[in-house]
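Please open the model in your viewer and keep the sequence panel beside it, since this tour moves from one selection to the next and says what can be found at each stop.

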Amino acid sequence: MSGGFGLHDLPIRDDLRGQSPYGAPQLDVAVALNTNENPYPPSDRLAAALARGVAGAASGLNRYPDRDATRLRAGLAHYLGHGLEARSVWAANGSNEILQQILQVFGGPGRKAMGFEPSYSMHPIITRVTNTGWVSIERTREFGIDVEAARIAIAVQSPDIVFLTSPNNPTGTALPLEVIEQVARVAPGMVVVDEAYAEFRREGTPSALSLLPSFPRLIVTRTMSKAFAMAGARLGYLAAHPAVIDALQLVRLPYHLSAVSQVVAGTALDFTDELLGHVKRLREERDALVAWLRDYGFAVADSDANFVLFGTFPDRHAVWQGLLDQGVLIRETGPPGWLRVTIGTPEEMSAFRHALLHVTGRADRHGR
Ligand SMILES: *Cc1c(COP(=O)(O)O)cnc(C)c1O
């Protein structure tokens with residue numbers, strides 16, 4: 001037994017005392033719509049290709065992997081387009097490791113990072129863990145960013161890193177390119193646009209990748225966890241000026257990306273068309289859910305992501321718990337009164353809609 005000995009008795013860093021770890025519940029439920037995972041598992045064809053790739057890598061596991069992941073980075077650059085090459089792309093174990101490496105190079109004691117909240121909870125967590133200061137600026141009522149307020153905050157705070165999440169988690173809101181451009185113009189340090197949900201954006205919503213040639217201190221991060229349905233494989237990446245990639249070499253652990261990860265990610269890229277087909281279905285399912293929720297009088301934030309923020313509830317925890325009691329797990333996050341639901345399969349969304357009507361006591365007007 002622990003004998004009463006606990007975290008508090010250990011000589012951990014003072015700045016980590018009282019902090020909480022990232023903690024989305026991993027519960028065993030019938031319908032899990034809480035962590036923005038992609039509901040479509042690899043097809044039999046893709047699973048077989050992954051197995052072949054891993055088998056191929058297996059016989060070489062006595063050797064360290066390609067430290068620079070050159071082949072994979074070339075594949076990712078090709079996928080991103082915009083004339084990008086391998087030397088402008090970097091990959092790591094999830095975009096969270098990418099973010100951590102960015103903080104390790106450009107943040108640290110005496111430095112600070114700024115974010116516009118509500119946004120992705122890992123930005124302040126990784127910031128603090130690297131002993132970097134965190135400056136939180138509030139988003140507008142519509143969950144956008146007021147350019148004037150951002151300019152002032154940046155002028156006053158002079159942050160070393162500015163985080164822009166677009167499409168934003170947990171609100172689903174995408175930023176107009178002008179906002180990103182204005183921030184990149186005035187920011188004295190690095191600007192990180194977290195585009196984890198880029199592939200889910202609606203027609204006409206731009207990506208910050210097009211701004212890279214104009215701003216050498218701009219970084220666009222992406223992940224295979226969402227659109228590519230590879231959350232379990234842990235593969236994130238970024239695009240930036242090659243000098244930024246050089247800077248990241250100073251902090252990355254040697255051979256950080258295993259040979260298995262590299263071959264798995266490369267194989268997933270070979271199935272881009274198939275995987276983006278699922279993304280199309282999810283976008284349609286999302287748009288249908290937004291319309292349905294509005295039809296029933298719920299407030300809904302416009303979404304360019306694979307989830308929807310909706311509300312508002314005087315007691316959102318009761319709604320969250322009520323849904324869980326029906327076997328539907330969503331996320332209790334976002335501004336007070338709002339809840340976030342990930343887009344799943346048509347069957348899962350049907351279960352969600354059914355449970356939501358039941359829990360909120362709204363009549364099933366459409367008989368569905
Ligand atoms: C899910 C998510 C990520 C992905 O993190 P991985 O480490 O790549 O799985 C990154 N940024 C945001 C905003 C996210 O919601």
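Begin in the interior of this predicted model by selecting L164, F310, I330 and F352, which are the residues with the most contacts inside the largest nonpolar core, a group of 87 residues. In soluble globular proteins, nonpolar side chains tend to be buried together. If you now colour helix α9, you will have picked out the element that gives this core its largest share, seven residues. Where does this core lie with respect to domain 1 and domain 2? Both domain 1 (23–43 + 273–366) and domain 2 (56–270) give residues to the core, so it lies between them.

Stay with L164 for a moment and show what surrounds it. Leaving aside residues up to four places away in sequence, L164 touches F116, I145, L175, I180, V183, V191, V192, V193 and D194. There is also a second core, separate from the one you have just seen, which has 23 residues and includes Y120, M122, I219 and A247.

**The two domains**

Next, give each domain its own colour, using 23–43 together with 273–366 for domain 1, and 56–270 for domain 2. The centres of domain 1 and domain 2, taken over C-alpha atoms, are separated by 26 Å, and the contact between these domains takes 25 residues from domain 1 and 24 residues from domain 2. For a second way of dividing the chain, select residues 31–355, which an unreviewed UniProt entry lists as "domain: Aminotransferase class I/classII large". Over residues 31–355 the chain is 40% helix and 16% strand, and the C-alpha atoms at the two ends of this stretch are 11 Å apart.

**Helix α2**

Now select helix α2, residues 70–80, and show the side chains of L72, R73, L76, A77, Y79 and L80, which are its buried residues. Turn the view until you look down the axis of α2: the buried residues fall within an arc of 160 degrees, so they line one face of the helix. On the other side of α2 you will find R71 and H78, which are exposed. To see what covers the buried residues of α2, add β2 (89–92), β7, β8 (236–240), α7 (242–248), α8 (259–270) and α9, which are among the covering elements. Just after α2, stop at G81, where the backbone takes a positive phi of about 75 degrees.

**The annotated lysine**

Move on to K226, which carries the annotation "modified residue: N6-(pyridoxal phosphate)lysine" in the unreviewed UniProt entry. K226 is found in the loop between β7 and β8. Is K226 buried or exposed? With a relative accessibility of 13%, K226 counts as buried, and its contacts, not counting residues up to four places away in sequence, are T35, N36, N38, A196, Y197 and F200.

**Charged pairs**

The last part of the tour follows charged side chains. Side chains of opposite charge can pair when their charged atoms come close. The structure holds 14 salt bridges, and a good one to begin with is E203 with R283, whose closest N and O atoms are 3.9 Å apart. This pair links distant parts of the chain, since E203 sits in the loop between β6 (190–194) and β7 (218–223) while R283 sits in helix α9 (residues 272–295), 80 residues apart. E203 is exposed, with a relative accessible area of 75%, whereas R283 is partly exposed at 22%.

Then select E285 and R353, which form a salt bridge with their closest N and O atoms 3.9 Å apart. Here too the pair links distant parts of the chain, with E285 in helix α9 and R353 in helix α11 (residues 346–360), 68 residues apart. E285 is buried, with a relative accessible area of 16%, and R353 also counts as buried, at 19% relative accessibility.

For another salt bridge, select R294 and D302, where the closest N and O atoms are 2.9 Å apart. R294 counts as partly exposed, at 38% relative accessibility, and D302 is partly exposed as well, with a relative accessible area of 42%. Finish by selecting E195, E199 and R222 together, for these residues are linked in a network of salt bridges.

Notes
Residues numbered from 1 in each chain as written. Predicted model: local features only at pLDDT ≥ 70, side-chain atom pairs only at ≥ 80, totals over all residues. Heavy atoms only, no water. UniProt positions renumbered as here; feature names shortened; annotations may be inferred. Helix = DSSP H or I, 4+ residues; strand = E, 2+ residues; numbered from the N terminus. Salt bridge = Lys/Arg side-chain N within 4 Å of Asp/Glu carboxyl O. Buried < 20%, exposed > 50% of the residue type's maximum accessible area, 1.4 Å probe, protein only. Core = buried A, V, L, I, M, F, W, Y, C linked by side-chain atoms within 4.5 Å. Domains from an automatic or database assignment. Contact = heavy atoms within 4.5 Å. Arc of directions from axis to C-beta.
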